Amino acid sequence: MTETLRGRIAIAGVGNTKRWDAPGRGPFDQLQEAAILALEDCGLGLGDVDALYCALSTSGLPVLNVAERLGLGPNLKQADGTMVGGASFLFHLQSASAALAAGLCDVALICYGSNQRSAGGSLVSMPDPQPYEAPYRPRYPVSSYALAAARHMHDYGTTRENLADVALAARRWARLNPDAFERGPLTREEVLGSRMISDPLTKADCCLVTDGGAAVVLTRADHARDLAAPPVYVLGTGVAVSHRQIAAMPDLTTTAAVRSGQAAYAMAGVGPADIDHLMLYDAFTITTLLFLEDLGFCAKGEGGAFVSSGAIAPGGSLPVNTNGGGLSCNHPGMYGLFTLIEAVEQLRGRCGERQIRNAELALAHANGGVLSSQATAILGTAATL
Amino acid sequence: MSADSRFDGPGPDTKWSDALKAGRFCIQVCELCSSSQFPPALVCRTCGSPSPKLVEASGRGSVYSTTTVRNRVGDHNVSIIELSEGPRLMSRVDAVSPEDVRIGLAVVTEIVTYQETPILVFKPEAAGS
């Protein structure tokens, strides 16, 4: 039996704390605020939630901690704390959609919080030792992405200028978003002249380090239509797992986003040419290039030229990372859920100066680990059902 | 004891590091399908059988990708080496400055001591052994 999930589940509510530098608030504080905002967005309450999905880099038992704090325990019929890095929440989206469609639960909350910036700025290191990497002192995770970028430059002639243009496009979008953390003007020369961290990636090729909290509420589509906010329908999802250590990635220039994307397109019954709005997890400038190629928006190797043509910046042919992305809006350790939230806000027409006209179909893509896990979601308005 | 005797003895990581301590750089080759792999595991990642066997590697390969990690105290190289047998591993290239390490550079391995433990590093083949 294959019964498609296309359009059967909707994102009913979204919550975003927009507190990117918030000393005195822990990860669970950010998460709780986002959860309340997401439920209020669609007119539901904590008492309605019967499924919980969460992952944190600061907690090994996130479901237990969150359920206790929000008082969800007694009502939970389904819970999942799958941890595959920043893509976790799009893995949760697929699992929650299946659980809702199967009737295991009725209201699913996916949530995240982090105080990475105010806690000192470095990525919290999880107990996940890598004995075959550690002696060589790569800077985690940037050196792994630098190795991918170096190979892409070698194989396809991609330049540091191409990478810089990814950062510039993100900043131009951020300047249209009053909630973005970095909104100052930025030039190509500034990106290229920024401090080198792990060649060829400079500080300006790396995402921000911020605090933040995010949550989404999922229900079956018929239920969502009776709620307070316009539902955004989940048309397709796909997940893919590749490797843990960068040396085990089969081809450093092609990610498992190829597989997650194909699964999501197949379920949604659409292709890249149909997408109006695109969110690509930009932990580093190279990831935007790789995902543009691997999700079929340009040919393999042509990501650099595509970006430098101005295609993904405001006024270009393909609006990408319209909130400013992880490079300029926010990046609280694991950013995946924010790709979904911006896609929902665009499809609801709530984006003010950066609003894409007539956006009906959006694709959100998240990455985890060191290009290790990939997850794609295709969302649509009622018109796309 | 009713444990499966095929899996008796130290695990694959311990066997590998014991060999390195004895001065031998090994990879695994599957006894069933002849595929090579690194790092070691209990199963062959190509055919799925629990038949990988530790064998001494040629120690030759080339740089698949490379980065210079910048530090206040000095820069150092991190590379992914593709062994002539096929598998790749993270390591570093010594005997040249980090920025002179290029993709495609032919390298040979040597075992050095890092924090009182033997580790694998590589040097350009041209540098001789």
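Trainee: How many salt bridges does the rule find across the interface of chain B and chain A?

Mentor: This is a predicted model. Across the interface of chain B and chain A, the rule finds one salt bridge.

Trainee: Which residues form the salt bridge, and how far apart are the closest N and O atoms?

Mentor: The partners are B:Arg70 and A:Asp199, and their closest N and O atoms are 2.7 Å apart. A salt bridge requires the nitrogen and the carboxyl oxygen to be within 4 Å, so this pair qualifies. Polar contacts are counted separately: 15 residue pairs across the interface of chain B and chain A, with both residues at pLDDT 80 or more.

Trainee: Which elements give two or more residues to the side of chain B that touches chain A?

Mentor: In chain B they are helix H1 (12-21) and the strands E4 (60-69), E5 (76-83), E6 (88-91) and E8 (117-124). E4(B) supplies the largest share, six residues. By type, the residues on this side of chain B comprise 15 nonpolar, eight polar and four charged.

Trainee: What area is buried between chain B and chain A, and how many residues does each chain bring to the contact?

Mentor: The contact involves 24 residues of chain A and 27 residues of chain B. About 2,300 Å² is buried between the two chains, with carbon and sulfur atoms giving 58% of that area. Of the area that chain B buries against chain A, 28% comes from B:Tyr64, B:Arg70 and B:Met90, more than from any other three residues. B:Arg70 is also the residue in the salt bridge with A:Asp199.

Trainee: Turning to chain A, is A:Asp294 buried or exposed?

Mentor: A residue counts as buried under 20% relative accessible area. A:Asp294 has 9%, so it is buried. The residue lies in helix H9 (residues 285-294) of chain A.

Trainee: What does A:Asp294 touch?

Mentor: Leaving out residues up to four places away in sequence, A:Asp294 touches A:Thr253, A:Thr254, A:Thr255, A:Ala257, A:Val258 and A:Lys300. With A:Thr255 there is a side-chain polar contact of 2.7 Å.

Trainee: How should I read the two faces of strand E9 of chain A?

Mentor: Side chains in a regular strand alternate between the two faces of the sheet. In strand E9 (residues 277-280) of chain A, A:His277 and A:Met279 are on one side, while A:Leu278 and A:Leu280 are on the other. All four are buried, and both faces are covered.

Trainee: Which strand is joined to E9(A), and how many bridges join them?

Mentor: E9(A) runs parallel to strand E10 (residues 361-368) of chain A, and four bridges join them. As an example, A:His277 has A:Ala362 as its bridge partner in E10(A).

Methods
Residues are numbered from 1 along each chain as its sequence is written. Chains are lettered from A and ligands numbered from 1 in the order in which they are written. This is a predicted model: local features need pLDDT of at least 70, side-chain atom pairs count only at pLDDT 80 or more; totals for chains, interfaces and linings use all residues. Side-chain values use heavy atoms; hydrogens and water are left out. Contact means heavy atoms within 4.5 Å. Buried area is the accessible area (1.4 Å probe) that two parts lose on being put together, summed over both. A salt bridge is a side-chain nitrogen of Lys or Arg within 4 Å of a carboxyl oxygen of Asp or Glu. A polar contact is a pair of N or O atoms within 3.5 Å; within protein, one must be able to donate a hydrogen and the other to accept it, and residues adjacent in sequence count only if both atoms are side-chain atoms. Ala, Val, Leu, Ile, Met, Phe, Trp, Tyr, Cys and Pro count as nonpolar, Asp, Glu, Lys and Arg as charged, and the others, Gly among them, as polar. Buried means under 20% relative accessible area, exposed over 50%, partly exposed in between (1.4 Å probe, protein chains only). Two strands pair if DSSP finds at least two bridges between them.
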